Amino acid sequence: MPEPRYLLRFDDICPTMNWKVWDEIEAHLNLHQVRPLLAVVPDNQDPKLMVDEARTDFWDRVRRWQAQGWTIAMHGYQHLYINQNPGIMGLESKSEFAGLSREAQEAKLRKGLAIFAEHGVRADAWIAPSHSFDRTTVDLLIALGVPVISDGLWPWPFSEQGRITWIPTQHWDFKECPPGIWTICYHHNAWNASQLAKFTAVLDKHGPQITDVTSVLQAFGSRRQTLADRCSAALRLLWIRSRSLAAHVYYFLIPHRSPAQ
């Protein structure tokens with residue numbers, strides 16, 4: 001039976017991210033020779049991602065990461081949510097793209113790609129803010145030549161008729177998994193020392209099981225999606241929604257004592 005393979009993805013990469021934590025992360029990634037997937041915001045306008053002073057060498061660093069084999073994805077355009085459309089993933093009810101006209105989406109995508117090109121960076125993949133995009137987005141990505149979508153809850157990647165490859169994203173913290181390709185989606189801007197230590201422990205223990213996008217495409221670039229994939233994704237989505245509902249029920253219906261009580 002094949003072993004599970006893990007792909008590490010870091011979202012919200014931009015000039016004003018948490019650089020103190022990121023510098024530690026980058027050092028450990030290099031130490032373990034891990035080549036992650038980085039979600040780079042072309043023109044960040046989201047105040048929540050403005051954590052540190054902007055680094056003037058940001059695009060130099062992005063070019064360096066790409067040159068050393070790290071996968072650079074375009075993470076939306078400005079990371080600004082304009083509606084509550086969950087898109088085809090159905091995970092988050094906020095979107096920068098889902099529900100917009102083809103013309104509006106194309107304009108954003110072209111502007112984002114133009115910024116990448118201006119800085120000598122190639123968009124190797126697409127990552128939607130909050131996992132929210134629709135079929136129009138997918139069709140435009142194909143037309144614009146973006147080869148990979150990082151999203152979906154199925155256990156294995158697949159190619160959409162050779163036009164674009166979907167590499168799933170199933171977890172937001174590390175978990176030991178059964179056979180499959182499991183993307184762990186990290187958001188380092190709010191990390192503290194404890195979370196950083198937990199991450200380095202994952203690298204120490206599971207480093208040999210961590211893969212990269214290039215290897216995944218070589219192995220699964222022509223695989224077709226199956227009914228089992230779709231069933232697995234549906235069950236995982238139900239599980240995620242049930243956990244969210246249970247958390248809301250607990251918060252609103254179960255009495256909570258304040259510290260003073």
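Over which residues does pLDDT stay under 50, and how many contacts beyond four places in sequence does the model have for them? Select residues 244-253: pLDDT stays under 50 there, and the model has three contacts for this stretch beyond four places in sequence. Next take residues 256-261, where the pLDDT is below 50 and the model again shows three contacts beyond near neighbours in sequence. This is a predicted model. Where pLDDT is low, the predicted coordinates should not be read in detail. For the protein chain, the average pLDDT is 88, and 90% of the residues score at least 70.

**The cores**

Now select L8, F10, W22, W65 and W126. These residues have the most contacts inside the largest nonpolar core, which has 54 residues. Add residues 19-31: this is helix α1, which gives the most to the core, with five residues. A second, separate core has twelve residues, among them L7, A73, V148 and V213. In soluble globular proteins, nonpolar side chains tend to be buried together.

Centre the view on W126. Neighbours within four places in sequence aside, W126 is in contact with A73, M74, G76, F97 and L109, among others. Its contacts also include F133, T137, L141, V146, V148, I149 and S150.

**Helix α3**

Select residues 102-118 and show them as a cartoon. Helix α3 has 17 residues and spans 24 Å from its first C-alpha to its last, close to the 24 Å expected at 1.5 Å a residue.

Colour Q105, K108, L109, G112, I115 and F116, the buried residues of α3. They lie on the same side of α3 because they cover an arc of only 120° around the axis. An α-helix has 3.6 residues a turn, so residues three or four places apart point the same way.

Which exposed residues does the face of α3 turned away from its buried side carry? Turn the helix over to find E103, A117 and E118 there.

To see what covers the buried residues of α3, display these elements, which are included in the cover:

- strand β2, residues 37-40
- helix α2, residues 58-67
- strand β3, residues 71-75
- strand β4, residues 125-127
- helix α4, residues 135-144

Then step just past the end of α3 to G120, which takes a positive phi of about 70°.

**The loop at S222**

Last, select S222, in the loop between α6 (213-220) and α7 (227-253). Is S222 buried or exposed? With a relative accessible area of 65%, S222 is exposed, since the cut-off for exposed is over 50%. Add T165 and draw a distance between the two C-alpha atoms: S222 and T165 are 57 residues apart along the chain, and these atoms are separated by 8.2 Å.

Key
Residues are numbered from 1 along each chain as its sequence is written. This is a predicted model: local features need pLDDT of at least 70, side-chain atom pairs count only at pLDDT 80 or more; totals for chains, interfaces and linings use all residues. Side-chain values use heavy atoms; hydrogens and water are left out. Helices (H or I, at least four residues) and strands (E, at least two) are DSSP runs, numbered from the N terminus. Buried means under 20% relative accessible area, exposed over 50%, partly exposed in between (1.4 Å probe, protein chains only). A nonpolar core is a set of buried Ala, Val, Leu, Ile, Met, Phe, Trp, Tyr and Cys residues joined through side-chain atoms within 4.5 Å. Contact means heavy atoms within 4.5 Å. The expected span of a helix is 1.5 Å times one less than its number of residues. The arc is that of the directions from the helix axis to the C-beta atoms. pLDDT is the predictor's confidence in each residue, from 0 to 100.
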